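Thanks for sharing this one. Here are a few notes to read alongside the model, with the backbone details that caught my eye.

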Amino acid sequence: MDKSFPLSGWGSVAVHAGHKQDPNYAHLVPIYASSTFVFDEAEQGMRRFSGQEEGYIYSRWGNPTFTEAENKIAALETFGIKKNGLALEAKGILHASGMATITTLLLSTLKPGDKILTHYSLYGGTEEIMSKVLPSLGITAIIADLRNINNAVDAIKKDKAIKMLYIETPANPTIQCVDIEQLCELAKQNGLLTACDNTFATPYLQQPFQFGVDFIVHSTTKFLNGHGTAIGGILLGTDLDFMKTGYLKWQKH
Ligand SMILES: Cc1ncc(COP(=O)(O)O)c(C=O)c1O
């Protein structure tokens, strides 16, 4: 998005955010069906690989089509939110599915011995990761009824190994809701990372970043796609260093 021409309305952001004028004047970003990108000269390739120059290298790391979707969804999830008087910034990373997104989030933030506190009503695939995949990696999920804040207070008080609060609200398929603001405040007081699956609400109805959530995940397969034509997911975060490098400064334990 051209920052000299700010988009003030939600509808304008939904349509225009993330869009860069196509060199051939296509009105929508074309689908760049290219695994790899070519360089003008070998030295340019070296500059790109070493991070001295911005530019596309390999589509798993970035592709102009993905970039537009990532920037658009980040703009919607941060629309109208201010932090310390400045517009909140987030970075999005598209994934092949919602489950790929959730797996990336958990594997990049938790390590053996860590615990994760979550609500008992989650999307089946996420519940399976929590109860079957994480334990095999030495990570334990504490599954509680987080509609009652006292359950979260008790769990956190009892267990210093809890590193993350993970919620999905409204949950699929029960539509159960938990209080993002209250839980996030508690999590922050106790130094926990916080993540919210915002698939069902979409940023149109709910913006978890407003309540200080660190990470948002979506199965873009659902409402964000809207047409039922493609499986996808996105991970969004406001710690821009982490989103670029995968390294969490706070995680020194
Ligand atoms: C809330 C929620 N999160 C995650 C997922 C998983 O997403 P995907 O099917 O794109 O892997 C789903 C899928 O139904 C979902 O409803």
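**Notes on the backbone and the core**

1. Let's begin with P170, which sits in the loop between strand 6 (162-168) and helix 7 (180-189). Please bear in mind that this is a predicted model.

2. The bond leading into that proline deserves a look: T169 and P170 are joined by a cis peptide bond, with omega at about -5°. P173 is also placed in the loop between strand 6 and helix 7, and a cis peptide bond links N172 to P173, with omega about 5°. Most peptide bonds are trans.

3. Next, two phi values. Most residues other than glycine have a negative phi. N84, however, has a positive phi near 50°. You will find N84 in the loop between strand 1 (82-83) and strand 2 (86-87). Is N84 buried or exposed? N84 is exposed, because just 5 other C-beta atoms lie within 10 Å, and the cut-off for exposed is 12 or fewer.

4. T202 has a positive phi too, near 65°, but T202 belongs to helix 8 (residues 202-205). T202 has 18 C-beta neighbours inside 10 Å, so T202 counts as partly exposed; a buried residue would need 20 or more.

5. Finally, the core. Which residues touch the most other members of the largest nonpolar core? They are L183 and A195, in a core of 50 residues. If neighbours within four places in sequence are left aside, the contacts of A195 are L105, M164, Y166, V213, D214, F215 and V217.

Methods
Residues numbered from 1 in each chain as written. Predicted model: local features only at pLDDT ≥ 70, side-chain atom pairs only at ≥ 80, totals over all residues. Core = buried A, V, L, I, M, F, W, Y, C linked by C-beta atoms within 7 Å. Contact = placed C-beta atoms within 7 Å. Helix = DSSP H or I, 4+ residues; strand = E, 2+ residues; numbered from the N terminus.
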